[in-house]
Amino acid sequence: MFKTLDDLDPEQCVLVRLDLNSPVEDGEVQDNRRFDRHAETVRELAEAGHRVVLMAHQGRPGDDDFVSLEQHADILAGHIDRDVGFVADTYGEDAIAAIDALEAGEVLLLENTRMCDEELPEEDPEVKADTEFVRTLAEHVDAYVNDAYSAAHRSHASLVGFPLVLPAYAGRVMQTEYEANSSIATREFDGQVTMVVGGTKATDVIDVMNNLGDKVDQFLLGGIAGELFLRAAGNVVGFDLEGMDFFDDQWEENRETIESLLDERGDQIKLAVDLAYEDETDERGEIAVANITEKDRAYLDVGSMTVDEYDPIIRDSEAVFVKGALGLFEDERFAVGTTGVLRAIAETDCFSVVGGGDTSRAIEMYGMDEGDFGHVSIAGGAYIRALTGAPLAGVEALKQD
Ligand SMILES: Nc1ncnc2c1ncn2[C@@H]1O[C@H](COP(=O)(O)OP(=O)(O)O)[C@@H](O)[C@H]1O
Ligand SMILES: O=C(OP(=O)(O)O)[C@H](O)COP(=O)(O)O
C-alpha cells in the first residue's frame with residue numbers, strides 16, 4: 001500500500017501532482033469539481049507549513065484545450081483562500097528560482113507539464129525517472145505527492161517518474177478515489193450488488209461485464225451501449241440514422257461479444273423496456289421497445305417504465321456502482337433515466353460510487369447533493385480501469401518503497 005500525507009515529515013518542500021485538466025471554452029478555463037477536490041490536499045499541506053509546488057497538465061499538444069495553467073492558478077486560489085503563485089516554466093531556471101524562493105505555507109503552480117517534451121510519451125517508470133525534467137525538479141524538493149488519481153492510468157513523467165527518486169505519498173484525492181473505486185473488486189458485500197451502465201462506449205460496458213460478472217448481481221443498462229444490447233436481443237434499435245455514427249461501427253466490432261454476453265449472462269442483464277425520443281412537437285415521446293417495428297428515429301433516453309423497473313432493484317441493493325449515463329441528460333427532456341437512477345441511489349443508504357466525468361456532472365446539474373452518494377469520482381478513464389481491476393501506472397509507482 002502507499003504512504004499518505006499522515007506519513008509526511010514536517011516542513012518539507014513538496015512537489016504535488018494534481019489533475020486540473022478542465023473544459024476550456026473560447027480560451028477560458030472552466031472551474032469544475034477537480035479544483036474543489038484538490039483544494040483539500042493543497043490546503044492541508046499549506047496549513048501544515050510545507051512549501052507546496054504544484055504540477056498539473058491541461059489538454060494535449062495540438063488540441064484547442066492545450067493551454068497555459070495561468071488561469072488554473074487563479075481558480076485554485078479561489079478554492080483554497082490563499083495565493084497561488086504561477087511560473088510559466090516547467091523545470092527551467094525560472095521554475096527553479098521560484099521553487100527555491102518559496103516560504104513555509106506558500107503555494108506555487110508550475111506550467112503545464114505537457115509543455116515539457118519528456119512528459120508525454122508513455123514509457124516505463126525507470127525511463128521517466130531518468131529524464132532531465134524529473135532529475136532537475138527532484139533536486140529542489142524533499143518529497144513527492146501524487147493526488148492526480150484521474151490521470152494515474154498514464155505512464156507520464158510527472159506521474160510515474162518522481163516516485164522512484166523521491167519519498168512518495170498519496171494525496172487526499174488519490175487516497176479517497178483509490179479506496180472507493182477499487183471497492184467493487186476488493187470488498188465483499190453481503191447483499192445485492194448492482195451496476196448501472198450506460199454512456200456511449202460499448203467496450204466500457206463489455207469490459208465491466210467481463211471483469212465483474214461474478215461480483216455484480218444485476219447490470220442495469222441504458223445509453224448508446226444499452227441500445228446495442230437491445231439490438232443484439234433482436235430489437236429494431238441501435239442503428240445509425242442519417243448523419244449519426246454512434247452505433248454501426250461499434251456493432252461491427254462488438255456484435256459477437258455482446259451476443260455471447262447476453263447468452264451467458266442474460267439473467268444478470270436488465271435492458272430498457274421503453275425508450276424516449278423527440279416527437280414532432282419537440283416534446284419527449286416514449287415508446288415500449290416491444291412496439292418498435294421500424295428504424296425511423298433516434299432514441300435519446302430510457303423510458304419511464306424502465307426507470308420504474310430499475311428503481312426497486314436499486315433500492316434493494318447493498319451496493320450500487322454507476323458508469324455512464326442512461327440518456328442524453330444534458331438535455332432536460334432526456335434526463336429522466338439518468339436522474340431517475342441517481343435519485344433512487346441518493347434516497348437509499350446503500351454504498352454507492354458514481355463515476356465518469358460526464359455522468360457525475362448530472363448530479364450537479366440536477367441539484368442533487370453529492371453527500372447522498374458514497375463517492376462521486378472525478379475520474380473517467382482511470383475510473384473504468386479501476387472498476388475492471390486493471391492496475392493504474394501512477395498508483396503502482398506510488399506503492400513502491
Ligand atoms: N441515447 C443517447 N444518445 C445520445 N447520447 C447519449 C445517449 N445516452 C447517453 N448519452 C451520452 O453519453 C454521455 C456519457 O457517456 P460516457 O462517455 O460513458 O460517460 P462518462 O463520461 O460518464 O464516462 C453523456 O454525456 C450522454 O449525453
Ligand atoms: O481528464 C482526464 O481523463 P478523463 O477524460 O478520462 O477524465 C485526465 O486528465 C487524463 O487526461 P488525458 O486523457 O489527456 O491523458
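**View 1. The crossing of helices α9 and α10 is right-handed.** This view, like the others, is taken from a predicted model. Helix α9 covers residues 223–232 and helix α10 covers residues 248–265. The two pack at an angle of about 65°, and their axes lie 9 Å apart. On the α9 side, the residues in contact are I224, L228, F229, R231 and A232. They meet D248, Q250, W251, I258, E259, L261 and L262 of α10. Sorted by class, this contact is made of eight nonpolar, one polar and three charged residues.

**View 2. Strands β13, β12 and β14 form an open sheet.** The order of the three strands is β13-β12-β14, and their pairing is antiparallel. In general, the strands of a sheet pair through backbone hydrogen bonds. The edge strands here are β13, residues 284–288, and β14, residues 301–302. Each of these edge strands pairs on one side only. Strand β12 spans residues 274–278 and is joined to β13 by five bridges. In the pairing of β12 with β13, E278 has R284 of β13 as its bridge partner.

**View 3. Helix α2 has a set of buried residues, with other elements covering them.** Helix α2 runs over residues 70–80. Its buried residues are H72, A73, I75, L76, A77, H79 and I80. Among the elements that cover them are two helix and strand neighbours from the early part of the chain, α1 (33–47) and β3 (28–29). The cover also includes β4 (51–55), β5 (85–86) and β6. After α2 comes D81, which has a positive phi, near 55°.

**View 4. N21 is one of the residues under the UniProt annotation "binding site", which comes from an unreviewed entry.** That annotation also covers D19, L20, R34, H57, Q58, G59, R60, R114 and R154. N21 sits in the loop between β1 (13–17) and β2 (24–25). Its relative accessible area is 24%, so N21 counts as partly exposed. Apart from neighbours within four places in sequence, N21 is in contact with R34, H57, Q58 and G59. These four contacts of N21 are themselves in the annotated set.

**View 5. R114 is a buried residue listed by UniProt for "binding site" in an unreviewed entry.** R114 lies in the loop that connects β6 (107–109) with α4 (125–129). R114 has a relative accessible area of 7%, below the 20% limit, and is therefore classed as buried. Not counting residues up to four places away in sequence, R114 touches H57, G59, R60, P61, F66, E119, L120 and H156. Of these, H57, G59 and R60 are also covered by the annotation.

**View 6. R154 is a partly exposed residue in the loop between β7 and α6.** Strand β7 covers residues 143–146, and α6 covers residues 157–161. UniProt lists R154, together with R34 and R114, for "binding site" in the unreviewed entry. The relative accessible area of R154 is 26%, which makes this residue partly exposed. Leaving aside neighbours within four places in sequence, R154 is in contact with R60, E122, L159, V160, R385 and A393. One of these contacts, R60, is also in contact with R114.

Conventions. Residues are numbered from 1 along each chain as its sequence is written. Chains are lettered from A and ligands numbered from 1 in the order in which they are written. This is a predicted model: local features need pLDDT of at least 70, side-chain atom pairs count only at pLDDT 80 or more; totals for chains, interfaces and linings use all residues. Side-chain values use heavy atoms; hydrogens and water are left out. Two strands pair if DSSP finds at least two bridges between them. Helices (H or I, at least four residues) and strands (E, at least two) are DSSP runs, numbered from the N terminus. Axes are lines fitted to C-alpha atoms, for helices over the stretch in contact, and angles run from 0 to 180 degrees between N-to-C directions. A crossing is left-handed if the near helix is turned anticlockwise from the far one by less than a right angle, and right-handed if clockwise. Contact means heavy atoms within 4.5 Å. Ala, Val, Leu, Ile, Met, Phe, Trp, Tyr, Cys and Pro count as nonpolar, Asp, Glu, Lys and Arg as charged, and the others, Gly among them, as polar. UniProt positions are given in the numbering used here, feature names are shortened, and annotations may be inferred rather than shown by experiment. Buried means under 20% relative accessible area, exposed over 50%, partly exposed in between (1.4 Å probe, protein chains only).
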